Amino acid sequence: MLTFIGLGLYDERSITVEGREALRAADRVYAEFYTSELIGTTIDDLESYHDAEIEVRDRAGVEQHPEEMLEAAESEDVAFLTAGDTMISTTHVDLRLRAHDRGIETRVIHGVTAQTATSALTGLQNYRFGKATTLPFPYAHGADGLPASVTETIDDNRADGLHTVVYLDIKVEREEYMTADTGATLLAEEYPDLVGVVVARAGSPEPLVEAGTMSELAGREFGDPLHLLVVPGECHLLEADALVELAGADRDALEIA
């Protein structure tokens, strides 16, 4: 059996009860934190809290050389841990399909995702989000200005009246996390007067939600990671009320249906 377990958003306690029980019952436990990370805990704390030895795999160890994990799952109960919800990343879907090719039974135990937490914290309705995008560090995409993948996603969603989640780049191996003010600075080159909403430390005891134009957000500080940005599309009245009350948005700057 290979069980994929989402750890949730913040620390060792963010996991579901079902996930915790499956983790503790596993014969072997692997994890990856290159797609995302639990910023409120450490591997040592995870191991201590769940009474389990966890082997952390890098990208190559999951995507190119998963044989050790798959071989173990042929005869043992193996748990594979990720931050958030375990099937958000396509690399995990690929690993599950490889297990099926070997005749290994799999199951998925979900965790809270940044997407659902963002909807809950901002008051923007989950069904009114369009395609998400990731804003890379400028050195990571090697071109001037914003990547077309970012601008086209925002523009297409706005044309359809939809909200956009802009995930901010993470380089775990370098311990580098793009902050919301840096993201807003990059977006302000193209969208200086566009309203954005910062969501910081979702899942923690004290998450932050703060709205402003990209130019305004570029000049603020939002504390420790992880951060993301939301670009609201056309807001229903209730969504606009939520952004004003929960994020300090300027109602006049919002597009209201």
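# A first look at this predicted model

A negative surface patch is made up of E152, D155, D156, D160, E189 and E190. Welcome to the structure, which is a predicted model. Beyond that patch, the model has 14 salt bridges, a largest nonpolar core of 23 residues, and a cis peptide bond between P225 and L226. The points below take these topics in turn.

**The negative patch**

- E189 is one of the residues that form the negative surface patch, alongside others including E152 and E190.
- Along the chain, E189 sits in the loop that runs between α9 (180-188) and β10 (195-200).
- E189 counts as exposed because its relative accessibility is 56%, and the cut-off for exposed is over 50%.
- Y191 is found in that loop between α9 and β10 too, but Y191 counts as buried, with 11% relative accessibility.

**The largest nonpolar core**

- The largest nonpolar core has 23 residues, and the ones that touch the most other members are L135, I154, L187 and V198.
- At least two residues of this core come from each of α8 (148-159), β7 (164-168), α9, β10, α10 (214-218) and β12 (227-231).
- Helix α9 gives this core its largest share, 5 residues.

**A network of salt bridges**

- Side chains of opposite charge can pair when their charged atoms come close.
- In this model, R28, E55, R57 and E68 are linked in a network of salt bridges.
- R57 pairs with E55 in this network, and their closest N and O atoms are 3.2 Å apart.
- R57 counts as buried, at 11% relative accessibility, whereas E55 is partly exposed, with a relative accessible area of 30%.
- E68 also forms a salt bridge with R57, with 3.4 Å between the closest N and O atoms.
- This E68 and R57 pair links distant parts of the chain, 11 residues apart: E68 is in helix α4 (residues 67-73), and R57 is in the loop between β3 (54-56) and α3 (59-63).
- E68 is partly exposed, since its relative accessible area is 32%.

**A buried salt bridge**

- R128 and E239 meet through their side chains in a salt bridge, at 2.6 Å from N to O.
- The two residues are 111 residues apart and link distant parts of the chain, with R128 in the loop between α6 (114-122) and β6 (133-135) and E239 in helix α11 (residues 237-247).
- Are the two partners buried or exposed? R128 counts as buried because its relative accessibility is 9%, and E239 counts as buried at 1%.

**Backbone features to look for**

- Most residues other than glycine have a negative phi, and most peptide bonds are trans.
- The peptide bond that joins P225 and L226 is cis, with omega about 5°.
- L226 belongs to the loop between α10 and β12.
- E175 is not a glycine, yet its phi is positive, near 50°.
- The loop between β8 (170-171) and β9 (176-177) holds E175, which counts as exposed at 65% relative accessibility.
- R201, likewise not a glycine, has a positive phi of about 60°.
- R201 lies in the loop between β10 and β11 (208-213), and R201 is buried, with a relative accessible area of 16%.

**Distances across the model**

- How far apart in space are V29 and H227, C-alpha to C-alpha? They are 28 Å apart in space and 198 residues apart in sequence.
- V29 itself is part of strand β2 (residues 28-31), where V29 counts as buried because its relative accessibility is 6%.
- Y191 and S14 are separated by 177 residues in sequence and by 35 Å in space, C-alpha to C-alpha.

Note on methods:
Residues are numbered from 1 along each chain as its sequence is written. This is a predicted model: local features need pLDDT of at least 70, side-chain atom pairs count only at pLDDT 80 or more; totals for chains, interfaces and linings use all residues. Side-chain values use heavy atoms; hydrogens and water are left out. Patches are made of residues with over 30% relative accessible area and no salt bridge: like charges are joined within 9 Å, nonpolar side chains (Val, Leu, Ile, Met, Phe, Trp, Tyr) within 5 Å. Accessible areas come from the Shrake-Rupley method with a 1.4 Å probe; for residues, only the protein chains shown count as cover. A salt bridge is a side-chain nitrogen of Lys or Arg within 4 Å of a carboxyl oxygen of Asp or Glu. Lys and Arg count as positive and Asp and Glu as negative; His and the chain ends are not counted. The place of a charge is taken as NZ of Lys, CZ of Arg, CG of Asp or CD of Glu. Helices (H or I, at least four residues) and strands (E, at least two) are DSSP runs, numbered from the N terminus. Buried means under 20% relative accessible area, exposed over 50%, partly exposed in between (1.4 Å probe, protein chains only). A nonpolar core is a set of buried Ala, Val, Leu, Ile, Met, Phe, Trp, Tyr and Cys residues joined through side-chain atoms within 4.5 Å.
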